[in-house]
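Work through the exercises below with the sequence and the model open. Each task is followed by a solution in steps.

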Amino acid sequence: MNLIHTVALLALIQYLYFGFAVGRARAKYGVNAPAVSGNEHFERAFRIQANTLEQLVVFLPALFIASFYWNETLIAAIGAVYLIGRFLYRRAYTADPQTRAVGFLLTIIPTFILILAGLAGAVFRA
């Protein structure tokens, strides 16, 4: 289970890192709390963090459930694709939000695979 825990903790660290990026953008672009708009570059950082949270809520349970039924190394590798996808999503969205598709797909596809793997395990391997 160490690989799964490592991927899960890396996902949480990644989320915190994105949160710190929001704080830096807030200071850099003069967007005072509680405002969440006012500068396009700040808004991009904010949306990256918000979208990551939206994905994380689904990814983490799917990761743990799938790992209960299937090979830890395989499930961790799928989780690693998610992590890479989130970084690609951030890089693309920061530069031009219209180019975020590859990063988004590398986030959502692994999550769907983990959901399906967990569901198949629960139904057929219980």
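**Exercise 1: salt bridges in the model**

Glu54 is partly exposed, at a relative accessible area of 43%. The model is a predicted one.

Task: Find the salt-bridge partner of Glu54 and classify the accessibility of that partner.

Solution.
1. The side chain of Glu54 meets that of Arg47 in a salt bridge, with 3.7 Å from N to O.
2. The value for Arg47 is 33%. Partly exposed covers the range between 20% and 50%, so Arg47 is partly exposed.

Task: State how many salt bridges the whole structure holds, and describe the one formed by Glu40.

Solution.
1. A search of the whole structure gives two salt bridges.
2. Glu40 pairs with Arg44 through their side chains, at 2.3 Å from N to O.
3. Both residues belong to helix α2 and are four residues apart, which is about one turn of the helix.
4. Glu40 has a relative accessible area of 48% and is therefore partly exposed.
5. Arg44 has 11% relative accessibility; the limit for buried is under 20%, so Arg44 counts as buried.

**Exercise 2: the position of Thr52**

Task: Is Thr52 buried or exposed, and which residues does Thr52 touch beyond four places in sequence?

Solution.
1. Thr52 is found in helix α2.
2. Its relative accessible area is 0%. Because this is under 20%, Thr52 is buried.
3. With residues up to four places away in sequence not counted, Thr52 touches Tyr15, Phe18, Tyr82 and Arg86.

**Exercise 3: the nonpolar cores**

Task: Describe the largest nonpolar core, and name the helix that gives the most to it.

Solution.
1. The largest nonpolar core has 18 residues.
2. Those with the most contacts inside this core are Ala11, Leu56, Phe59, Leu63, Ile75 and Leu114.
3. At least two residues of this core come from each of α1 (2–29), α2 (40–69), α3 (72–95) and α4 (101–124).
4. Helix α2 gives the most, with six residues.

Task: List the contacts of Leu56, leaving aside its neighbours within four places in sequence.

Solution.
1. Leu56 is in contact with Ala11, Leu12 and Tyr15, among others outside that sequence window.
2. Pro61 and Tyr82 are also in contact with Leu56.

Task: Which residues are among those of the other core, apart from the largest?

Solution.
1. Another core lies apart from the largest one and has five residues.
2. Among them are Ala25, Val31, Phe42 and Ala45.

Terms used
Residues are numbered from 1 along each chain as its sequence is written. This is a predicted model: local features need pLDDT of at least 70, side-chain atom pairs count only at pLDDT 80 or more; totals for chains, interfaces and linings use all residues. Side-chain values use heavy atoms; hydrogens and water are left out. A nonpolar core is a set of buried Ala, Val, Leu, Ile, Met, Phe, Trp, Tyr and Cys residues joined through side-chain atoms within 4.5 Å. Buried means under 20% relative accessible area, exposed over 50%, partly exposed in between (1.4 Å probe, protein chains only). Contact means heavy atoms within 4.5 Å. A salt bridge is a side-chain nitrogen of Lys or Arg within 4 Å of a carboxyl oxygen of Asp or Glu.
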